[in-house]
Amino acid sequence: MVDYDSKEWLRFIFSLHKGDTARKLGPVLLAMVVYCGVVAYVVIEYVHPGPDSDLKNIAIMHSLLGFVISTLLVFRTNTAYDRWWEGRKAWGSLTNNSRNLALKLVHILGPDDVDSRTFFRAMIPNYAFALKNHLRNDFQVSDLMACPGFDPASLKPAEHVPNQVAMHLFSKMDELYQSGTLRPEHLLVLNGEFSSFTEVCGICERIHSTPIPYSYSSFLKKFVAVYCLTLPLGYVLSLHYWVIPVVVIVFYVLASLELIAEEIEDPFGTDANDLPTERMAQNIRKAVGELL
């Protein structure tokens, strides 16, 4: 995720970072410049349409469809941002519940129970790192900390890694209950935090594995392409060669909105605008380590 100061207007206007849409759309924008130039040259130099040419009527179509395309793009970006924000809320819940679990365990576990404290100090953040890698379809054993009763090398990458980590957490809780360290009332107090881990995982998996319906995304791309490719025909008589920068700017705006929506609808990857899940997992490890 890009860290920035929202008040630095000049930096936003003149800088191009790796997630900037102008950088990603560069080849397509260049192709649009060439296309608009060819259309303008052919129409102006060879066709010589008169003032009453039917080409002017194409602009009426753009006026009618402008509201439609803007509504579709607003819906598209709002839907994508809702997914991004829901993912952020889910990871915020994971952070809070990890801290709450550590706060409760620090008072329930005795100061002499070093092994149990070490176990939970490692395993609570391990779940966050396992979930982060799971959502990226990756397995990084180096992210996980070993502790008494858990060896990261024992995990099976081909299976659901967060569930395996949760199984170790629950197994340790059951072990402490069987030994009398945890009483029934302790289980009631701790159950909410333990259950929330898998609930957060389910929310994130739903966002990650359920993209925008293909038909909707495909139609919107085709709509933007047809709209922009016909713009030079509709406005070349009134703008002449100035139609080239005008159409390129319109295409840049419309295509950028779709590109941004594509990037943020699955916010758990490593793109510039994705959630900083790596940093949030490290913050969980730091907070739990300070408490336990």
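**Exercise 1. Compare the span of helix α6 with the expected span, then describe its surroundings.**

Solution. Helix α6 contains 18 residues, and the distance from its first C-alpha to its last is 26 Å. At 1.5 Å a residue, 26 Å is expected, so the two values are close. The structure is a predicted model, and every value here is computed from it.

Next, list the buried residues. In α6 they are Val161, Pro162, Gln164, Val165, Ala166, Leu169, Lys172, Met173 and Leu176. The elements covering these buried residues include α5 and α7.

Last, look past the end of the helix. Glycine 180 follows α6 and has a positive phi, near 95 degrees.

**Exercise 2. Check the span of helix α3 and find which side of α3 is buried.**

Solution. Step one is the span. Helix α3 covers residues 26–47, which is 22 residues, and at 1.5 Å a residue it should span 32 Å. The end C-alpha atoms of α3 are 30 Å apart, which agrees.

Step two is the buried set: Leu29, Met32, Cys36, Val39, Ala40 and Val43. Around the axis these residues cover an arc of only 95 degrees, and therefore they sit on the same side of α3. The general rule behind this is that an α-helix has 3.6 residues a turn, so residues three or four places apart point the same way.

Step three is the opposite face. Turned away from the buried side are the exposed residues Pro27, Leu30, Val34 and Tyr46.

Step four is the packing. The buried residues of α3 pack against α2 (21–24), α8 (214–229), α9 (231–239) and α10.

**Exercise 3. Repeat the analysis for helix α8.**

Solution. Helix α8 has 16 residues and reaches 22 Å from first C-alpha to last, close to the 22 Å expected at 1.5 Å a residue. Its buried residues are Ser217, Ser218, Leu220, Phe223, Val224, Tyr227 and Cys228. These buried residues pack against α3, α4, α9 and α10.

**Exercise 4. Describe the largest nonpolar core and the elements that build it.**

Solution. Start with the core itself. The largest nonpolar core has 48 residues, and those with the most contacts inside it are Trp91, Leu94, Leu105, Phe120, Ile124 and Leu190.

Then assign the core to elements. Two or more residues come from each of α4 (58–108), α5 (114–135), α6 (161–178), α7 (184–209), α10 (243–264) and α11 (277–291). The element that gives the most is α5, with 11 residues.

Now take one residue from the core. Leaving out residues up to four places away in sequence, leucine 105 touches Phe120, Ile124, Leu190 and Leu292. Another core lies apart from the largest one; it has 25 residues, among them Leu25, Cys228, Ile244 and Phe251.

**Exercise 5. Decide whether cysteine 204 and cysteine 228 are bonded or free of disulfides.**

Solution. A disulfide requires two cysteine sulfur atoms within 2.5 Å. For cysteine 204, the nearest cysteine sulfur belongs to cysteine 201 and is 7.1 Å away, and cysteine 204 is in no disulfide. For cysteine 228, the closest cysteine sulfur is in cysteine 36, at 8.7 Å, which is too far for a bond. A search of the whole structure finds zero disulfides.

Then check accessibility, for which buried means under 20% relative accessible area. Cysteine 204 has 0% relative accessibility, so it counts as buried. Cysteine 228 is buried too, with a relative accessible area of 0%.

**Exercise 6. Place glutamate 265 and find what its side chain contacts.**

Solution. Glutamate 265 lies in the loop between α10 and α11. Its relative accessibility is 12%, so glutamate 265 counts as buried. Its side chain makes a polar contact with the side chain of arginine 76, at 3.1 Å. Not counting residues up to four places away in sequence, glutamate 265 touches Arg76, Ala80, Arg83, Ile207 and Ile212.

**Exercise 7. Classify histidine 107, asparagine 137 and histidine 240 by accessibility.**

Solution. The cut-off for exposed is over 50%, and partly exposed lies between 20% and that value.

- Histidine 107 is in helix α4. At 69% relative accessibility, it counts as exposed. Its C-alpha is 9.5 Å from that of leucine 292, although the two are 185 residues apart along the chain.
- Asparagine 137 is in the loop between α5 and α6. With a relative accessible area of 64%, it is exposed. Its phi is positive, near 55 degrees, in a residue other than glycine.
- Histidine 240 is in the loop between α9 and α10. At 44% relative accessibility, it counts as partly exposed. Its phi is positive, near 55 degrees, and this residue is other than glycine.

Conventions:
Residues numbered from 1 in each chain as written. Predicted model: local features only at pLDDT ≥ 70, side-chain atom pairs only at ≥ 80, totals over all residues. Heavy atoms only, no water. Core = buried A, V, L, I, M, F, W, Y, C linked by side-chain atoms within 4.5 Å. Buried < 20%, exposed > 50% of the residue type's maximum accessible area, 1.4 Å probe, protein only. Helix = DSSP H or I, 4+ residues; strand = E, 2+ residues; numbered from the N terminus. Contact = heavy atoms within 4.5 Å. Arc of directions from axis to C-beta. Polar contact = N/O pair within 3.5 Å; in protein donor to acceptor, adjacent residues only side chain to side chain.
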